[in-house]
Structure formats: structure tokens, C-alpha cells
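Here are some exercises to work through with the model open in your viewer. Try each task before reading its solution.

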Amino acid sequence: MQAITVRDRDVGVAGMSLADLPYPHAAENDVIVRVHAAGFTPGELDWPGTWTDRAGRDRTPSVPGHELSGVVVELGYGTTGLSVGQRVFGLTDWTRNGALAEYTAVEARNLAPLAADVDHTVAAALPISGLTAWQGLFDHGHLTVGQTVLVHGAAGGVGSIAVQLARDVGARVIGTGRARDRDQALALGVDAFLDLQSEKLEEVGEVDVVFDVIGGDVLDRSAALVRAGGTLVTIAMPPKVQPEGGRAVFFVVEPDRVRLADLVARLRDGRLEPVIGAVRPLAEASAAFASDKRTPGKVIIRVVQD
């Protein structure tokens, strides 16, 4: 089968290429998925799991990309809950070969059924962004109706979904980004937008929850915006500054089949729409990974042209 591989941590994206790999093996409780569409995170070449397995052993050449949508073609021993021929979407393991491939092995518990009326390209944009947004806002931030949340990167893959989820529960949403993100963020439903390049972050005032995807100085300065009892949530890095009278939480997204099913149900009834920045074929995945051009939304790799 064909897959995008990385072989040398020192050269990073420069060592990424389209290569032939053996067909994957389905371990116990695994399924083999024929990948139709896949997503990736630009920073994942910095993750230890991209280069080593759970025991810390080198596993190169490895396949990046951890979001997928496709069809189950094989069941591993003991696998239940899914069937051959079923459409599915979800997450691949951080320390195993990922989704930028024609076929990949995935733990069945990390996948959810996908209805026939949802395009694979759209479904592949949901797993990391959708689960990250939900877990950040509600599992860690405890956002509720009537509260105010500040979403950094409101037009990005994660931020755009966070905005929609927060609006859906009746929260007031302030989005941030660059000036060119303003129209997109307003279309998603933010009540106010702040341009981080030309406006002062401190003008936002107090909020109940800050959801950060940027890190650095923006993360540090956001701590002062959290009112007593509130929460600063970030996926960028462990926070150095704690909100006065509040909490600061750094987390890594976790698989959740039940929540994936909820997200796709929201998509089907029109309450959620992932922002897709570009769709490119597998042969162009390396170029998409290496691109330094910032575009709103999430880049999706189309593996099978349906």
C-alpha cells in the first residue's frame, strides 16, 4: 500500500515522502480501515509518539496523521462493535502508524460509526478538533449557559468548532485571531472579535473560560482575564501563569466514541460545521505538511476519490 512516511527526526518534514509499506496487521481488538480521508496536526513531527512506540523503541519509518474517515475492511481477533463494510471515523493511536495511508490499523474503541449521508472529507475534520473543543470547553472548562468564553484562534480547526459548541449551549463567545479571520469568526457566531495584532487583549475584560490554542505570550496574558472561579484551558503548553482565584489546565485530547457520535449527530442536524481549509490528494500530503501558509480551517487529505 502507499503511505506518507517520516524516517528521520532530525530532518523532520524534509524527510517526509510517499512510499510503499506492507499492509497493516490487525492486532486484538483492532480493525483495518480503508482510509478515504485523513487529517493531520502540523506540529505532530515534534511529538515523541511519532518516532517511538509505547515502550520508547524507534518505530520509523512511521506514518503521521491521526484523524481518519473510511470503511472497515478487516476485524482483528476479539473485535466487537464494528463490522466489515461499515463506514467509520475517529482517531488513530499516537504511537502507531497513522492515517496518511491507504490502510491503517486502529483500535475499534477509537472509532465511531459514520452515517452514509456524511462525506468522508467532512468527517475527517471532526475527530481531533471536535473532541479537543468539547473536552476543553466542558470536561475541563465546565462552561455553562450564560457564561462568557474567550476562544483564541476562533477561525482555526479547533477554535471554529469551540465557537459553535459554546454558542450551542448558550454561552457568550469572544473570538480572537488575525484581522483576516474576523469575517469567518463572526459568521461562526462569535459575539465579539479581537484582532490580536492590532487590538489589546486586555480590552476583552473578565471571562469565565479562556480556551487557548496559541500558547506563549497570549497564554500568559490570558490568565489575568479569568475571573475568580473560572478556568484557563490550553492545548498549547503547560501554563506558566495561574489565574488569580481560578484554575489553569493543560490537556491532550483523548478518544471518545460516544462524543464522536454526538458530534456527527450535531453535524447532521445543522448545529455544527467544520471549517475545511483545503482538500489535497495523498501525493500532496508532504507539501501540505510543509506549507507555512496559514489558512483558516483544517487541511484534509483525500486518499480515495469517491
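**Exercise 1. A loop asparagine**

Task: Find the residues that Asn 110 is in contact with, leaving aside its neighbours within four places in sequence, then decide whether Asn 110 is buried or exposed.

Solution.
- Step 1: Leaving out neighbours within four places in sequence, the contacts of Asn 110 are Phe 89, Gly 90, Leu 91, Asp 93, Pro 255 and Leu 260. Keep in mind that you're looking at a predicted model.
- Step 2: Now place the residue. Asn 110 sits in the loop between β6 (103-107) and β7 (111-113).
- Step 3: Check the accessibility. The relative accessible area of Asn 110 is 3%, so this loop residue counts as buried, given that the cut-off for buried is under 20%.

**Exercise 2. The whole chain**

Task: What radius of gyration would a compact globule with 306 residues have, and what does the protein chain have?

Solution.
- Step 1: For 306 residues, a compact globule would come out near 19 Å.
- Step 2: The protein chain has 19 Å, which agrees with that expectation.
- Step 3: Add the dimensions. The C-alpha trace spans about 55 × 45 × 35 Å along its principal axes.
- Step 4: Look at burial and surface. Of the 306 residues, 52% count as buried. The accessible surface comes to about 13000 Å², and carbon and sulfur atoms account for 49% of it.
- Step 5: Finish with the make-up and wiring of the chain. There are seven helices and 15 strands. Take the contacts between residues at least 6 apart in sequence: 63% of them join residues at least 24 apart.

**Exercise 3. Two helices that pack**

Task: Work out how helix α2 (residues 127-140) and helix α6 (residues 257-268) pack, using the angle and the distance between their axes.

Solution.
- Step 1: Two numbers do the job here, because packed helices are described by the angle between their axes and the distance between the axes.
- Step 2: For α2 and α6, the angle is about 105° and the axes are 10 Å apart. That makes α2 roughly perpendicular to α6, since 65 to 115 degrees is the range for that label.
- Step 3: List who meets whom. α2 brings Pro 127, Gly 130, Leu 131 and Trp 134, while α6 brings Arg 259, Leu 260, Asp 262, Leu 263 and Arg 266.
- Step 4: Sort them by character. The contact of α2 with α6 has five nonpolar residues, one polar and three charged.
- Step 5: Tie this back to the first exercise. Leu 260, one of the α6 residues that meet α2, is also among the contacts of Asn 110.

**Exercise 4. How enclosed is α2?**

Task: Find how many of the 14 residues of α2 are buried, and see what follows the helix.

Solution.
- Step 1: The buried count is 12 of the 14, so α2 is largely enclosed by the rest of the structure.
- Step 2: Those buried residues include Ile 128, Leu 131, Trp 134, Leu 137 and Phe 138.
- Step 3: Move past the helix. α2 is followed by His 142, which has a positive phi near 55°, although His 142 is not a glycine.
- Step 4: His 142 lies in the loop between α2 and β8. At 48% relative accessibility, His 142 counts as partly exposed.

**Exercise 5. Neighbouring strand residues**

Task: Start from Val 149 and trace which residues are in contact with it beyond four places in sequence.

Solution.
- Step 1: Val 149 belongs to strand β8 (residues 148-151). With 0% relative accessibility, Val 149 counts as buried.
- Step 2: Its contacts beyond four places are Leu 137, Leu 143, Ala 166, Arg 172, Val 173, Ile 174 and Val 209.
- Step 3: Measure along and across. Ile 174 is 25 residues from Val 149 along the chain, with a C-alpha separation of 6.2 Å. Asp 208 is 59 residues from Val 149 in sequence, and here the C-alpha atoms are 5.9 Å apart.
- Step 4: Hop to Asp 208, in strand β11 (residues 207-212). Its relative accessibility is 14%, so Asp 208 counts as buried.
- Step 5: Not counting residues up to four places away, Asp 208 touches Gln 147, Thr 148, Val 226, Arg 227, Gly 230 and Thr 231.

**Exercise 6. Backbone oddments**

Task: Which peptide bond is cis, with omega near 0°, and where is Asn 29 found?

Solution.
- Step 1: The bond from Thr 60 to Pro 61 is cis. Pro 61 is in the loop between β3 (30-39) and β4 (67-75).
- Step 2: Asn 29 is in the loop between β2 (17-20) and β3. Its phi is positive, about 70°, although Asn 29 is not a glycine.
- Step 3: Asn 29 has a relative accessible area of 39%, which makes it partly exposed.

Definitions and conventions
Residues numbered from 1 in each chain as written. Predicted model: local features only at pLDDT ≥ 70, side-chain atom pairs only at ≥ 80, totals over all residues. Heavy atoms only, no water. Axes fitted to C-alpha atoms, helices over the stretch in contact; angles between N-to-C directions. Helix = DSSP H or I, 4+ residues; strand = E, 2+ residues; numbered from the N terminus. Parallel < 35°, antiparallel > 145°, perpendicular 65-115°, else oblique. Contact = heavy atoms within 4.5 Å. Nonpolar A, V, L, I, M, F, W, Y, C, P; charged D, E, K, R; others polar. Rg over C-alpha atoms; globule rule 2.2 N^0.38 Å. Buried < 20%, exposed > 50% of the residue type's maximum accessible area, 1.4 Å probe, protein only. Areas by Shrake-Rupley, 256 points an atom, 1.4 Å probe, with all protein chains shown as cover.
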